[in-house]
Amino acid sequence: MQAIHSLHDFFRLTGADVHLYHMGRRVHPCSLDTLADFEAGDVPWSEPWQGKARLAMVFRLGDMQDPLIWFLALPLDEQGLLDAAQRDAFLERLLSTLGRSAEQLEASAEDEIDNLMKDNPLAFTPSLAFQAVLHARASAELERPASEHLEPVEAFFAGQAGHDWQALGLQGLADYVVRLSTDTERQLRHAIPQLHSEVLTSLCYCLEHVAIDEAVADSLRQRGEQAARDGDIETYCACIRAVGGGSRRVAADWFDQLLADRHACGPDALAAMAARGWQHLEDAERLPRFLERLAANEDADFMALARDLAQIPRLRLPVLMTLRQAPEGSATASRLAIVKGRQGH
């Protein structure tokens, strides 16, 4: 009998068929080794969101037919490492409910395991778009069929008569995006210029979780620029979020253009860049420009966004150094002085 000290131990010792997914900034697979290293305190969480390591755990034990899903938001310390107290409390509850040996756990009833998420301080409910993309990814990875909502989406983008945008559901769009191929990407880039803004926005909320090719990213950029001219801020920011997952050529070029124009960088656009295009801010010139635009915008929550970026391990040192080296008289230095003044009182 082996002791269970971590979530990784639980899945390993019970022989669970488990698939893990990041659920913070994007929905994408996370390896068990990554979880093991993180729980051991060896590495910080790579994609924190609001100070938490957000995970979806899709797993089956024993003869379960359908997998269970746990959504857990594990607290992080200032270095992005696991703050283990709540994780340990959850494990204690898990073990006291189901028994302390791996053999007992494997034989436990499905409803007992599922009930562990009730009144669990670590549990969270993802947005509908995150849930749709997770369902699509997990279905594909588990070699299960896509949802029934995929067929009308495929027919619509293939240009089949009798299918209109009002029949397209979020789950169908997520299934379509996760299963993109060369042919469907071609269909997509031809459809984007004419898409109704409501569908385009929902599509972008799915596309932000996958790597898109340059042609699709270029189409989204053009629609985003048109939306900005039309004053459609929601569609504009949705396009920024989706393009953020694209190639450095398209995304970084667009970010540079936006950061050069103060009118293009409202608080929502800046938040979209930080949330989904953070990897393009890992640049010695682009990051200071971003923080300067952020500081200059009175409606933006400068410290909240700067702190959020600094929690990403790859950006922590660049963000801190940029803030410390902000030139005297810059918007960044002025914002920092205001914050220090408030703290002094």
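**Sheet, cores and helix packing in a predicted model**

C30 is buried, with a relative accessible area of 7%. This value, like those that follow, comes from a predicted model. C206 is also buried, at a relative accessible area of 1%. What is the closest cysteine sulfur to that of C206? It belongs to C204, and the two sulfurs are 9.3 Å apart. A disulfide requires two cysteine sulfur atoms within 2.5 Å. The sulfur of C206 is therefore too far from that of C204 for a bond. A search of the whole structure gives the matching result: zero disulfides.

The strands come next. Strands of a sheet pair through backbone hydrogen bonds, and the pairing is either parallel or antiparallel. Here, four strands form an open sheet in the order β2-β1-β3-β4. The pairing is antiparallel. Which strands lie at the edges? They are β2 (27-30) and β4 (68-75), and each of them pairs on one side only. On average, neighbouring strands of this sheet are turned by 30 degrees against each other, with direction ignored. One pairing can be followed in detail. Strand β3 covers residues 52-60 and is joined to β4 by eight bridges. These two strands run antiparallel. Within this pair, R54 stands opposite A73 of β4.

The nonpolar interior was examined next. The largest nonpolar core has 77 residues. Which of its members touch the most others? They are L220 and F290. Helix α12 (residues 233-243) gives the most to this core, contributing seven residues. L220 touches I192, L200, C204, L207, I212, C239, A242 and V243, when residues up to four places away in sequence are not counted. A second core, separate from the largest one, has 31 residues. L13, L35, A53 and M64 are among its members.

Helix packing adds to this picture. Two packed helices are described by the angle between their axes and by the distance between those axes. Helix α13 covers residues 248-259, and its axis comes within 9 Å of the axis of α12. The axes cross at roughly 140 degrees. Angles over 145 degrees would count as roughly antiparallel. The crossing therefore makes α12 oblique to α13. From α12, the contact is made by Y236, C239, I240 and V243. From α13, it is made by V250, A251, W254, F255 and L258. C239 and V243 of α12 also touch L220.

Three single sites complete the survey. D175 sits in helix α8 (residues 170-178). Is D175 buried or exposed? Its relative accessible area is 0%, so D175 is buried. Apart from neighbours within four places in sequence, D175 is in contact with A136, A146, S147 and L150. S147 lies in the loop between α6 (128-141) and α7 (150-157). At 15% relative accessibility, S147 falls under the 20% limit and so counts as buried. Its contacts beyond four places in sequence are Q171, G172 and D175.

L94 lies in helix α3 (residues 85-98). L94 is buried, with a relative accessible area of 0%. L94 touches F10, W70 and L116, again not counting residues up to four places away in sequence. How many residues separate L94 from N115 in sequence? The separation is 21 residues, and the C-alpha atoms of L94 and N115 are 9.9 Å apart in space.

Technical notes:
Residues numbered from 1 in each chain as written. Predicted model: local features only at pLDDT ≥ 70, side-chain atom pairs only at ≥ 80, totals over all residues. Heavy atoms only, no water. Buried < 20%, exposed > 50% of the residue type's maximum accessible area, 1.4 Å probe, protein only. Pairing = 2+ DSSP bridges. Axes fitted to C-alpha atoms, helices over the stretch in contact; angles between N-to-C directions. Core = buried A, V, L, I, M, F, W, Y, C linked by side-chain atoms within 4.5 Å. Contact = heavy atoms within 4.5 Å. Parallel < 35°, antiparallel > 145°, perpendicular 65-115°, else oblique.
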